[in-house]
Amino acid sequence: MAFDGCGVTDGFCGTICAKGLRRQCRMVRRQVDSLLAELKNNTAEQSKLRVNAVGLSRGGIACSYLAQEMADIPASSCELSLLLFDPVPGDLLTVAQLDFFRLTNTSASGDMSNCACLSRVLALYPYEPLPAILCHAPILCRYPPHCMVEEEVTLGCHQGALQIHDLRGPVIDLASAMCFLRIRRWLMECGTPLDHNHVDCTVKVKDLEAFCLRKCNAEVKRLSPSSRCSHTALSCWGATIVRHKPDRGVQFLNEQHRLLASAGSDEKWLLEIRTDKAPFPSGLLCLLALVAVLVIWPLLFQS
């Protein structure tokens, strides 16, 4: 099943408020219930239903809502796997911090810990920031304890890191190539059947892997420190997605770089998520300063 973005299906309200995502999730849930009923009636086959969901930007938020929609399905009947590519709820950090009644997409989508059938999550976060006014801070979610979670920072900037036309040369975009290979690997590991003949006709995977490894080895030495603000379900103050300065002790950009190099495990990456490093609350301080001015200004004239 595939869905257009909520900005396409629901216009202005879909773009601003993510209207339509819950409706799409209910459609998937009805299909899941139908397939579960078929499996239950088929006594000769006792296999689980496998659901793999991939979402970009607001689509990543739709995947979160889908996990909540399927929360009551037991793990013995269904196995849900999610790939969240830069899941963006569409809220300013300040708005989320002042959401005392939990009305924002940030508050609604961040917690998937009650989903019994959620077995695996890969969350990819491009490290390059967009201006805060565009409301494109992603969210780090809360997952159930039994879930296998991979949160990985990658190259590029939001959907600019998923440009398939940049994989065919003569100039190949490294960020798009890295994301293509990572998503392909995840889909194969989760059992999604791919038409490998078609993929190989479009992109030479082996050549692309060699290109990415060569470029990543050079990229890890490049001086380009950066930070990006993020929401997190673990704290109202948020978290930070960081690209560090080159370090002699750090050999890889991220887990994908290590996999391409076929190297042993490494816990240090040049690109990482810092949940212990909250963004400076500039928006909240500006709002408090404005409120203070509005309160004090009339008092000055009264005196």
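Cysteines and a helix pair in a predicted model

Trainee: Why is C13 not counted as bonded to C17?

Mentor: The sulfur of C13 lies 5.6 Å from that of C17, the closest cysteine sulfur, which is too far for a bond, since a disulfide is a pair of cysteine sulfur atoms within 2.5 Å. C25 is in no disulfide either, the nearest cysteine sulfur, that of C63, being 7.7 Å away, and the structure holds 0 disulfides. This is a predicted model, in which local features need pLDDT of at least 70 and side-chain atom pairs count only at pLDDT 80 or more, while totals for chains, interfaces and linings use all residues. Residues are numbered from 1 along each chain as its sequence is written, and side-chain values use heavy atoms, with hydrogens and water left out.

Trainee: What makes C25 buried?

Mentor: Its relative accessible area is 4%, and buried means under 20%, exposed over 50% and partly exposed in between, with a 1.4 Å probe and protein chains only. C13, with a relative accessible area of 37%, is therefore partly exposed.

Trainee: Why are α3 and α4 called oblique to each other?

Mentor: Helix α3 (residues 21-41) and helix α4 (residues 58-69) pack at an angle of about 50°, with their axes 9 Å apart. Angles under 35 degrees count as roughly parallel, over 145 as roughly antiparallel, 65 to 115 as roughly perpendicular and the rest as oblique, and α3 and α4 are therefore oblique.

Trainee: Which residues of α3 meet α4?

Mentor: In α3 they are L21, R22, C25, R26, V28 and R29, where contact means heavy atoms within 4.5 Å. The residues of this contact divide into 7 nonpolar, 1 polar and 5 charged.

Definitions and conventions
Axes fitted to C-alpha atoms, helices over the stretch in contact; angles between N-to-C directions. Helix = DSSP H or I, 4+ residues; strand = E, 2+ residues; numbered from the N terminus. Nonpolar A, V, L, I, M, F, W, Y, C, P; charged D, E, K, R; others polar.
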